[in-house]
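Visitor: I have a structure to look at and some questions about it. Could you guide me through it?

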Amino acid sequence: MRTLFFFPFLVLMGLTTLAQNGGYNIKGTIKGLRPEPFTLAHYFGFSQYVVKDTAVADANGHLTFTGDKPLPGGVYMLLSPTKRRVAEFIIGNEQHFSFSSDTLNVVGNMKIENSPDNELYYKYQQQIAGYNTEINVLAAQMKMRQDVLTQTKINNLRRQIFDYYRSFAQENATTLTGKIMKANAEVDLPPAPKRPDGRVDSVWLFQYYKAHFWDNFDFSEERLVRTPTLQRKLDRYMGELTFQHPDSLIQASDVVIEKALKGGSKEMQAYCIWYLTNKAENPSVMGIEQVFVHLAEKYYLGGIMPMTDSSTVQNIRQKINVMKPLLVGKTMPALSLTDTTGQLRSVADVKAKYTVVVFYDPDCSHCRQSTPALKAFYEKNKKTLDVQIFAASVARAPDQWKKYIREFGVQEWIHGYDYSFRIDFRKDFDVVNTPMIYVLDQDKKIIARRLPAEELDGFMDFYEQRLAREKSMKVK
């Protein structure tokens, strides 16, 4: 994934406030470990981690991690040289503790000394493991013989797990373990009202759930940034509970960031702003780049993001200046190039219901791989949908450009070359990678960008169906 920002580990880690003095000393033995180096690292969201220390296990599986400065609080992983997660620990106020276990059952045989938080953490996991063992045994019986009694026992055990989780989190609410568990807890749903037909109003229930999704999450607790919890909840809130439309995503992003700002934790604020902006810059859904523009302008250029990296702000400002004129719904900026006969051809002059503008390099391997799909799309839709392709070569090699046209047999397309070298394709049309494809309507408004050639057919089917629905709604 391409990332614009490079400050998370450098800047966000620098925001951490360490309340405890005396450094850390964590000693442990896990029988069965090979004598090799192991890493102590904390989560940074769910998909990343930050290494804080390394120690070599001896022949008996003994490890010691020690340092003069306290570790930032959160959930830590003990990682093997192959990055396999061996164990997890809660690092909070107690940073001088010991542990012992074995590789046969690290969780089940884990013993902790001098760390109440880790004792709680493993007590909970061991209790849940016991419940799951019973469920697995009953589930195996169900495969052999289906009966109501066994299913009832499984359902009862699952209810016990749910009740145990909630009571455990409530009883240990002041500990970091309890705060993590509470942050992961689901929202209590009240009885939903009934619709006129007597059915449960599922829309009301969904809206209530989304509105209260963050009730159990403490945005003032910066240590939650260094757990898997925050990123998982952000992904669910933005990906599953929010309609994938720019307006909805912008509103949801602002809701989360506002909660973080009210929480007062600079690190929590920085993570939420960074993560949401970074996701918007690299969207999995086409056409929502304006979410990135909104977040970047409001929180970075607006000075709300707790950071001091002026070069990053400048990079963002340049990125926004490039992207804003090229967002979906904007009219394509003027583009005029010289064709193979020496005539000047302009995108604005193309007479077609749809114009596909493709920026490519004749020597680019990805461009060459995509050309057959682009050609097939054109042959299929040039008459039925009234499609024309405007192909703009970004390379500075006219002979290669003409050879490419002949090689792929795409003489019917409108081809253009910048003989004057006056166009900065990266700056003027956001051509970071090639091929870069824009789809324009008959008014030359952008209806899609960054679309792979292989997805053009599917997009056009979807777009045409949407237009038909909108037309039928207007008629009604």
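Visitor: Which ring does Lys210 lie over?

Guide: First, a caution: this is a predicted model. A charge sits over a ring if NZ of Lys is within 6 Å of the ring centre and within 35 degrees of the ring normal. Lys210 is placed at 5.6 Å from the ring centre. The ring whose face lies under Lys210 is that of Tyr237.

Visitor: And how far is Lys233 from the ring centre of Phe213?

Guide: Here too a lysine lies over the face of a ring. The lysine is Lys233 and the ring is Phe213. The distance from the ring centre is 4.2 Å.

Visitor: Which residues are linked into a cluster by ring pairs?

Guide: Rings pair if their centres lie within 6.5 Å. Such pairs link up Phe213 and Tyr237, the two rings from before, with others. The full cluster is Tyr209, Phe213, Trp214, Phe217, Phe219 and Tyr237.

Visitor: How many aromatic pairs are there by this rule?

Guide: The rule is the one on ring centres, within 6.5 Å. By that rule, the count of aromatic pairs is 32.
One pair is Phe459 with Tyr463, at 5.8 Å centre to centre.

Visitor: Is the pair of Phe459 and Tyr463 stacked or edge-to-face?

Guide: Planes under 30 degrees apart count as stacked, and over 60 as edge-to-face. The planes of Phe459 and Tyr463 are 25° apart. The pair is therefore stacked.

Visitor: Where do Phe459 and Tyr463 sit, and how are they separated?

Guide: Both belong to helix H14, residues 456–475. They are four residues apart there. That separates them by about one helical turn.

Visitor: Is Phe459 buried or exposed? And Tyr463?

Guide: Buried means under 20% relative accessible area. Phe459 has 8%, and Tyr463 has 10%. So Phe459 is buried, and Tyr463 is buried.

Visitor: What about Arg159: how does its accessibility count?

Guide: Arg159 is in helix H3, residues 148–171. Its relative accessibility is 48%. Partly exposed covers the range between 20% and 50%. Arg159 therefore counts as partly exposed.

Visitor: Which strands are at the edges of the open sheet?

Guide: Four strands form this sheet, in the order E4-E1-E7-E8, with mixed pairing. An edge strand here pairs on one side only. The edge strands are E4 (62–67) and E8 (111–113).

Visitor: In which sense do E7 and E8 pair, parallel or antiparallel?

Guide: Strand E7 covers residues 96–102 and pairs with E8 over three bridges. Ser98 stands opposite Glu113 in E8. The sense of the E7 and E8 pairing is antiparallel.

Technical notes. Residues numbered from 1 in each chain as written. Predicted model: local features only at pLDDT ≥ 70, side-chain atom pairs only at ≥ 80, totals over all residues. Heavy atoms only, no water. Phe/Tyr/Trp six-rings, centres within 6.5 Å; stacked < 30°, edge-to-face > 60°. Helix = DSSP H or I, 4+ residues; strand = E, 2+ residues; numbered from the N terminus. Buried < 20%, exposed > 50% of the residue type's maximum accessible area, 1.4 Å probe, protein only. Pairing = 2+ DSSP bridges.
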